[in-house]
Amino acid sequence: MKYAIRAIKYFIYFSVLLVIVIFVLVQIKMVPADIQEIFRNGYDSIWQIALMFAGLSAVYPMFGYAKKSAAATGSIQERKAEIRQYMEDRGYTLASEEEGVLKFQRRNLFQRIFRMLEDTVTITQELGGFEFEGLRRDIVILAIGLETKLNGGYEA
């Protein structure tokens with residue numbers, strides 16, 4: 001169900017982005033205000049673009065979201081203060097906490113909206129460390145950085 005909701009959000013996001021771009025282009029007089037003149041196929045282009053956005057929206061969540069492991073000693077309860085401080089230093093705040101699971105969200109509302117409120121990073125205990133789940137571009141950096149910090153490496 002989460003996948004379908006993300007796909008729908010991306011479809012709406014791409015559609016709104018296209019409308020904003022066209023609106024700006026019309027306002028600065030780079031394109032005429034008539035759909036028939038903006039697109040080669042006129043109004044037929046709208047359903048073609050919608051179909052393209054639907055296809056892209058259907059596959060993007062598969063590549064945009066991932067899980068990444070960070071090797072570290074200790075349990076999530078033992079390292080919770082360090083994990084929390086690390087995430088807060090990177091602009092996240094603790095959203096919820098359950099047994100062995102920490103969920104963080106961006107503090108900045110603009111960044112949260114830009115990520116369609118899909119900015120949650122979930123950290124769970126796993127054998128030999130912690131597992132990060134969330135937007136691929138965020139969790140790769142966060143997991144590597146936390147692993148380095150918890151294992152006594154340099155602090156990024």
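Helix and sheet in a predicted model

Biologist: In β3, which residue is the bridge partner of L94?
Modeller: Happy to start there, with a word on the model first. This is a predicted model, where local features need pLDDT of at least 70, side-chain atom pairs count only at pLDDT 80 or more, and totals for chains, interfaces and linings use all residues. Residues are numbered from 1 along each chain as its sequence is written, and side-chain values use heavy atoms, leaving out hydrogens and water. In β3, the bridge partner of L94 is F104.

Biologist: How many bridges join β2 to β3?
Modeller: Strands are DSSP runs of E, at least two residues, and helices are runs of H or I, at least four, all numbered from the N terminus. Two strands pair if DSSP finds at least two bridges between them. Strand β3 covers residues 101-106 and runs antiparallel to β2; the bridges joining them number six.

Biologist: Which strands are the edge strands of the sheet?
Modeller: The open sheet has five strands with antiparallel pairing, in the order β1-β5-β4-β3-β2. An edge strand here pairs on one side only, which is the case for β1 (65-71) and β2 (92-98).

Biologist: Are α4 and α6 parallel, antiparallel, perpendicular or oblique?
Modeller: The axes (lines fitted to C-alpha atoms, for helices over the stretch in contact, with angles from 0 to 180 degrees between N-to-C directions) of α4 (residues 80-89) and α6 (residues 136-150) come within 11 Å and cross at roughly 130°. Under 35 degrees counts as roughly parallel, over 145 as roughly antiparallel, 65 to 115 as roughly perpendicular and the rest as oblique. The crossing angle therefore makes α4, relative to α6, oblique.
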